[in-house]
Amino acid sequence: MAIFIQQLINGLTLGSIYGLIAIGYTMVFGIIGMVNFAHGDVFMVSAFIALLLFLVATTLFGFGIVPALFLVLVLGMLITGLWNWTIERTAYRPLRGSFRLAPLISAIGMSILLSNLIQVIQGPRNKPVPPMFTQVLPLFEENGYTVGIGYKQIVIMVVTAVLLGLFWYIVQKTPLGRAQRACEQDQKMAALLGIDVDKTISLTFVLGAALAAVAGVMYIMYYGVINFSDGFVPGVKAFTAAVLGGIGSLPGAVIGGLLIGLIETMWSAYFSIDYKDVAAFSILAITLVFLPTGLLGRPEVEKV
Amino acid sequence: MTQATHSNPSDAFNLTQALKDAGFAGMVTFGLCVPIVAFRAEQDMANKLVLQQRWWMALVITGLVVVARFLFSLHQHSRRNEHAQETSAGVTNALALIKPYLAPLGFGFITIYPLVMLAMHGPGGSIKWIDNFGIQILIYVMLGWGLNIVVGLAGLLDLGYVAFYAVGAYSYALIATKVIPQTFPFLGVWAFWICLPISGLLAALWGILLGFPVLRLRGDYLAIVTLAFGEIIRLVLINWVDFSNGYAGLSSIPRPSFFGIPFNASDTGFAAVFGLEFSPIYRTIFLYYVILVLSLMTAYVTLKLRRLPVGRAWEALREDEIACRSLGINTTITKLTAFAIGAMFGGFAGCFFAARQGFISPESFVFLESAQILAIVVLGGMGSLFGVVVASIALVGGIEILRELDFLKEVFGPTFDPSQYRMLVFGVAMVLMMLWKPRGLISTRDPSVIYKERKAISGSMVQEGHG
């Protein structure tokens, strides 16, 4: 039982990170029907940006850890948003309305480009991040096994919850969110009613990247290491989460992310750590075969 | 930002606008560069990260982008003024003129290619040219043609094609190193020729096994599930050490024999039997012709299948699945045959790959390979066999050429390593080629059914592929 609760805490932490990345996939798919293959690598770039900003803030300007992290979070979201804006503008927008595979191939190319760009400019070695918030808050003890929640786990869950709330507010209550939901339903009609569709799509990419940047900060804080090739696997898992929750559905992406995080940690704890990725990929396949619309997705209507 | 279009075509060059665009592009680039280029985190002796500042690099990149954006505006302007239509029509006419001779010429060239290289570079120097360029490109041509059946003809997007390549390679490696020596050791020299069909059949079997549950999915979903399967097979190969020897891979895989005569220095070896001086080049040339025959077989089967009912059904399925069902086509069987036949050719190619390398490990079957094969098919112009050849030469040959750029070391100093930019250039090329020609290099193709005369069909007339 103690181990189960410990794994539950670990799983929810990991799941928050996946959920944040998954929103980027699900929003882009919802609005332009494209699997943004490079999103995992955008997340990896954001983690590098966060790492560098953190080092700049702490070593060059002498900030403390908490103000530095806050600064990293805000600036990281902005710069990652700029990255994804540029990517959308150069690699995806010219292909909008082209045939279906073109943006996907372009996104795969972009994914290769981003990871190798980071390899070239930051070097191929693992970057160890200075440890932060290493204390653990003990919760209870059972048979000599102490269940604890790390301070960084608390930080991750709280920051994720706050930002998801903020994000939910943007999508549900602001003009931008309304425009975005309108474009999701019918781009032509939205354009006729005076919504700037191109701008809305660009902002969707920026929002998705901002959340991926939060995930990037959380990731380096949690794992303490980042490498140029670390975008692919979390990216695919986050996509799995988006599909599991029902692609196009925002709460679905978060729930899917939490589930994937839980399944991965539980699998590692009770079965085999070697096959944890196999478990995640199998879930993706099984979900799509038996539940193609995911948990909260709308059923697809086939039109003749 | 490089794609901004001018909505009002004016004859005079709008200098202020061009400068504004260039300045904006520069600002964005500088913003992108700020943390990630201007700083670099390096480990010191204590394995702690220290910052290095490289503002000059960020400034150089920004400057380059500003200049490039300005030149792009100039280029757009000059292109608007000259009649772009006419020039492109002229190119098309020229292509149409040489088209009838293209196939026999190209075919003749690839047939004599190894001999030309042998004559030019001698037995020692030509191995690199035949192996790295010839064989490597032909493997990708074959994989491209195999995947073309699934993606180009049947319209099923497969992102895990490398799984079948891996199945073929591991089938050969395991049968040839474990099964044959224990059961029929005297068949050792024939191992490759026995395993080639077995590898293909096993891959096809896996194609059916994996395809059956997922083929009712459409479009992007199918793509992602195939990606997941590709990764699962690779992860199992890594983790199931008893079966596949994990990361370490399988080594000393028997090389193919010349129909029972091994390529070695012994008295019964190829060189001795044919009275030649021993040299490894004979095996390389032989391998070149093996893969050439295998890929031509793939092309032949594809061309023949397109004329059979099943091939017609594939293309009809690609265009409109609902119409197909209403006409009584069994979509599951049709998709499964495409998946299985595509997988089979992947298996053949995998078997050949294992035999050529003599060593395989899961590292050879990463997602990047699948992406590369798919890129070849899409860049070639899906459904076009000739396009696949052109794209393979451009992508694979291009990557190989980047290995040869040692002279750049003299320009940028001895620490400059061109090979580390290989995949970066590959990614950039993939994006740029999609932007330049979203429908692939060869975007017209002969129709399958002819009424009176052959007419090329534009790529934009069809859903996924061409024709």
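Buried area is the accessible area that two parts lose on being put together, summed over both. With that idea in hand, the predicted model can be read starting from the place where its chains A and B meet. Between them, chain A and chain B bury about 6,200 Å², and carbon and sulfur atoms account for 74% of this area. On the side of chain A, Phe99(A), Arg100(A) and Ile105(A) stand out: together they supply 11% of the area that chain A buries against chain B, more than any other three residues. Counted by residues, the contact draws 69 from chain A and 66 from chain B.

What kinds of pairs cross this interface? No salt bridges are found between chain A and chain B. Polar contacts, on the other hand, do occur there, with seven residue pairs found. Several elements of chain A give two or more residues to the side that touches chain B. These are the helices H2 (39-60), H3 (65-92), H4 (101-122), H9 (232-245) and H11 (276-290), along with strand E1 (127-128). Which of them gives the most? That is H4(A), with 17 residues. Sorted by character, the residues on this side of chain A comprise 47 nonpolar, 13 polar and nine charged.

A nonpolar patch also appears on the surface, covering about 810 Å². Its members are Met1(A), Ile3(A), Phe4(A), Leu8(A), Tyr145(A), Trp267(A), Tyr270(A) and Phe271(A). Two helices of chain A, H1 (2-32) and H10 (250-270), each supply at least two residues of the patch. The largest share belongs to H1(A), which provides three residues. Phe271(A), another member of the patch, sits in the loop between H10 and H11 of chain A.

Salt bridges, although absent across the interface of chain A and chain B, are present elsewhere: the structure holds 14 of them over all chains. One salt bridge joins Asp277(A) to Lys237(A), and the closest N and O atoms of this pair lie 2.7 Å apart. Where in the chain do Asp277(A) and Lys237(A) lie? Asp277(A) belongs to helix H11 of chain A and Lys237(A) to helix H9 of chain A, so the pair, 40 residues apart, links distant parts of the chain. Helices H9 and H11 are also among the elements that give residues to the side of chain A touching chain B.

Notes. Residues numbered from 1 in each chain as written. Chains lettered and ligands numbered in written order. Predicted model: local features only at pLDDT ≥ 70, side-chain atom pairs only at ≥ 80, totals over all residues. Heavy atoms only, no water. Contact = heavy atoms within 4.5 Å. Buried area = accessible area lost by both parts, 1.4 Å probe. Salt bridge = Lys/Arg side-chain N within 4 Å of Asp/Glu carboxyl O. Polar contact = N/O pair within 3.5 Å; in protein donor to acceptor, adjacent residues only side chain to side chain. Helix = DSSP H or I, 4+ residues; strand = E, 2+ residues; numbered from the N terminus. Nonpolar A, V, L, I, M, F, W, Y, C, P; charged D, E, K, R; others polar. Patch = residues over 30% accessible without salt bridge, like charges linked within 9 Å, V, L, I, M, F, W, Y side chains within 5 Å. Areas by Shrake-Rupley, 256 points an atom, 1.4 Å probe, with all protein chains shown as cover.
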